[in-house]
Amino acid sequence: MDDCIFCRIAGGEIPSAKVYEGKRAVAFLDAAPMSKGHLLVVPRAHWKDLAAVPGSGATEEERAAYAEVCDVVRAAARAAVEVFGGGANVLQCTGEEAGQTVGHLHFHVIPRPKGGKVPPEFVSGAYRYADDADRAATAAALRAAIAKAL
Ligand SMILES: [Zn+2]
């Protein structure tokens with residue numbers, strides 16, 4: 001897509017600090033990092049977000065592209081731990097409501113050096129279900145939707 005900044009970065013039209021260039025995926029430093037070494041991992045193919053990635057109907061090429069993206073995310077997390085010590089957050093935003101600002105699937109790999117604080121949005125217990133029925137109904141809705149999406 002000509003107007004997509006990540007397609008243009010992946011294609012080399014826009015310069016970036018690339019740390020991985022594969023057949024189907026690239027990784028580069030985020031231009032607005034949350035921490036030192038904050039990376040973005042993107043497929044070369046244009047998928048709007050994670051919900052747009054095909055499931056059981058995917059072609060071999062689509063499966064290979066998604067597999068390469070996931071493998072680079074794994075390697076980038078390991079690299080963050082090795083280079084900076086501490087840990088890493090992997091963040092994927094699907095949709096504007098989730099904070100997605102570029103409409104091309106990307107995974108953030110955010111190094112969290114030793115001694116840093118866990119960001120408040122990642123602290124458990126930020127949401128409480130109204131009651132057990134609400135919790136069960138939520139689980140049932142997601143169970144059905146996941147079965148459909150596979
Ligand atoms: Zn794109």
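This passage walks through the overall fold, the nonpolar cores and a few individual residues of one protein chain.

The model is predicted, so local features were kept only at pLDDT of at least 70 and side-chain atom pairs only at pLDDT 80 or more, while totals for chains, interfaces and linings take in all residues. Residues are numbered from 1 along each chain as its sequence is written, and side-chain values rest on heavy atoms, with hydrogens and water left out.

Starting with the overall picture, the protein chain has three helices and five strands, where helices (H or I, at least four residues) and strands (E, at least two) are DSSP runs numbered from the N terminus. Going along the sequence, these elements come in the order α-β-β-β-α-β-β-α. The C-alpha trace spans about 50 × 45 × 25 Å along its principal axes. As for contacts (heavy atoms within 4.5 Å), 54% of those with a separation of 6 or more link residues 24 or more positions apart.

Turning to the surface, the accessible area was worked out with the Shrake-Rupley method and a 1.4 Å probe, with only the protein chains shown counting as cover for residues. The total for the protein chain comes to about 9,700 Å², and carbon and sulfur atoms hold 57% of that. Of the 150 residues, 30% count as buried; buried here means under 20% relative accessible area, exposed means over 50%, and partly exposed covers what is in between (1.4 Å probe, protein chains only). On the charge side, Lys and Arg count as positive and Asp and Glu as negative, leaving out His and the chain ends. Each charge is placed at NZ of Lys, CZ of Arg, CG of Asp or CD of Glu. With that bookkeeping, the 17 positive and 18 negative charges have mean positions 7 Å apart.

Next come the cores. A nonpolar core is a set of buried Ala, Val, Leu, Ile, Met, Phe, Trp, Tyr and Cys residues joined through side-chain atoms within 4.5 Å. The largest one has 14 residues, and Val41, Trp47, Val69, Val73, Leu105, Phe107 and Val109 have the most contacts inside it. At least two residues of this core come from each of strand S2 (25-29), strand S3 (39-43), helix H2 (60-84) and strand S5 (107-112). H2 is the top contributor to this core, giving five residues. Val41 itself, leaving aside neighbours within four places in sequence, is in contact with Val26, Ala27, Val69, Val72, Val73, Leu105, His106, Phe107 and Val109. Another core, of 10 residues, lies apart from this one and includes Cys7, Ala10, Phe28 and Leu40.

Two polar residues also turn up as buried. Asp49 sits in the loop between S3 and H2, and this residue is buried because its relative accessible area is 5%. For polar contacts, the pair must be N or O atoms within 3.5 Å; within protein, one must be able to donate a hydrogen and the other to accept it, and residues adjacent in sequence count only if both atoms are side-chain atoms. The side chain of Asp49 makes such a contact with the side chain of Lys48 at 3.1 Å, and also reaches the backbone nitrogen of Ala51 at 3.0 Å. Not counting residues up to four places away in sequence, Asp49 touches Thr94, Gly95, Gln100 and Leu105. His108, in strand S5, is buried too, at 10% relative accessibility. The His108 side chain is joined to that of His38 by a polar contact of 2.8 Å.

Two alanines round things off. Ala75, in helix H2, is partly exposed at 34% relative accessible area. Ala149 belongs to helix H3 (residues 132-149) and counts as exposed because its relative accessibility is 55%. The C-alpha atoms of Ala149 and Ser56 are 8.0 Å apart, with their places 93 residues apart along the chain.
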